[in-house]
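Biologist: Please take me through the sheet in this model, strand by strand. Then show me what packs around it.

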Amino acid sequence: TTDFAKARVVILPVPLDRTTSYVSGTRNGPHEILVASSHIELWDEETQTDVHSIGIYTLPEMEFPFAGMDDVVCEIRRVASELVNRDKFPFILGGEHSITPAVVGAVAAKHPGLSVLQIDAHADLRDSFMGTPHNHACAMRRTLDFAPTTQVGIRSLSPEEAAAAPGLRTTIFYDYNMRADPRWIDRVVESLTDTVYITIDVDGLDPAIMPATGTPEPGGLSWYETLALLRAVIERRTVVGCDIVELSPMAGNVAPNFLCAKLIYK
């Protein structure tokens, strides 16, 4: 047991699901991750530690009684700023990927020189989509307003995004060829600044282990590739915040929910 004052890590559930365009349901992601988390053993066999002893506090789910996405984004940033200004490590549970820029904005204000590691199938570099610049398909374009980004596992983007990418503050590791370089994980780490925020869209993982997402794409990272990448970044950089987004729980299949909870704990 812990309380907010003593906790080093604060979990913030943000069940936003307004701009998803294929399969919705991400509003249920944070709740199902938390349900799954209650079934995880506390001992980590790899690090030989009882991770929860660092102090983990879970806030209530955010609510959004706002008509427009502008107000939603402002509210997420306000709450995230409170956490980082109190020297908490924020871990955000989405919800759709449009939550990420607001959190990164808050973290970047606290940590100048921040960079972002994105694990994702999609580039999310559209400037606007379906009438709003705050669509989940614009998540990383908005994030670039606050920090340069390294994008890993990318295997879906529009012609417009492909044309814009060379002029943006982003380094893209495409899923189809990144493993051709045996040093690809080292190159990812080297592309990041000393201080890093990590955003994980679950569709960045292989849909064989993560089918519960609105836009699953063939390919993607395996469980152990994901852990190897995260381990290298965490060992060699200072990570100051994280999110996991775009889980769309599937009736009758709790494995993806448990995977997210386990990944957060790791």
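Modeller: The model is predicted. Its open sheet has 8 strands, with parallel pairing. Their order is β4-β1-β5-β10-β9-β6-β7-β8. Strands β4 (56-58) and β8 (170-174) stand at the edges. Each has a single partner strand, so one side of each is left without a neighbour in the sheet. Neighbouring strands are turned by 15° against each other on average, direction ignored.

Now look at β5. Of its 6 residues, 5 are buried, so this strand is largely enclosed by the rest of the structure. On one pairing, β5 joins β1 in the parallel sense over 6 bridges. There, P13 stands opposite L93 of β5. On another, β5 runs parallel to β10 and is joined to it by 3 bridges. L93 appears again here, opposite I244 in β10.

Move along to β6 and β9. Strand β6 covers residues 114-119, and β9 covers residues 195-201. They run parallel, and 6 bridges join them. One facing pair is L114 and T195, the latter in β9.

Next come the helices that lie across the strands. Helix α2, residues 69-85, lies across β1 (9-14) and β5 (89-94). It runs at about 170° to β1. Helix α8, residues 255-265, lies across β4, β5, β9 and β10 (238-245). Its angle to β10 is about 175°.

Helix α8 also packs against another helix, α1, which spans residues 29-37. Two packed helices are described by the angle between their axes and the distance between the axes. For α1 and α8, the angle is about 70° and the axes are 8 Å apart. An angle from 65 to 115 degrees counts as roughly perpendicular, and α1 and α8 are therefore roughly perpendicular to each other. From α1, the contact uses E32, I33, A36 and S37. They meet N257, F258, C260, A261 and I264 in α8. This contact holds 6 nonpolar residues, 2 polar and 1 charged.

Finish with one residue in a helix, R142. It is found in α4, residues 139-143. Is R142 buried or exposed? Its relative accessibility is 13%. Buried means under 20%, so R142 counts as buried. Leaving out residues up to four places away in sequence, R142 touches P101, R126, D127, P133 and H134.

Terms used
Residues numbered from 1 in each chain as written. Predicted model: local features only at pLDDT ≥ 70, side-chain atom pairs only at ≥ 80, totals over all residues. Heavy atoms only, no water. Helix = DSSP H or I, 4+ residues; strand = E, 2+ residues; numbered from the N terminus. Buried < 20%, exposed > 50% of the residue type's maximum accessible area, 1.4 Å probe, protein only. Contact = heavy atoms within 4.5 Å. Pairing = 2+ DSSP bridges. Axes fitted to C-alpha atoms, helices over the stretch in contact; angles between N-to-C directions. Parallel < 35°, antiparallel > 145°, perpendicular 65-115°, else oblique. Nonpolar A, V, L, I, M, F, W, Y, C, P; charged D, E, K, R; others polar.
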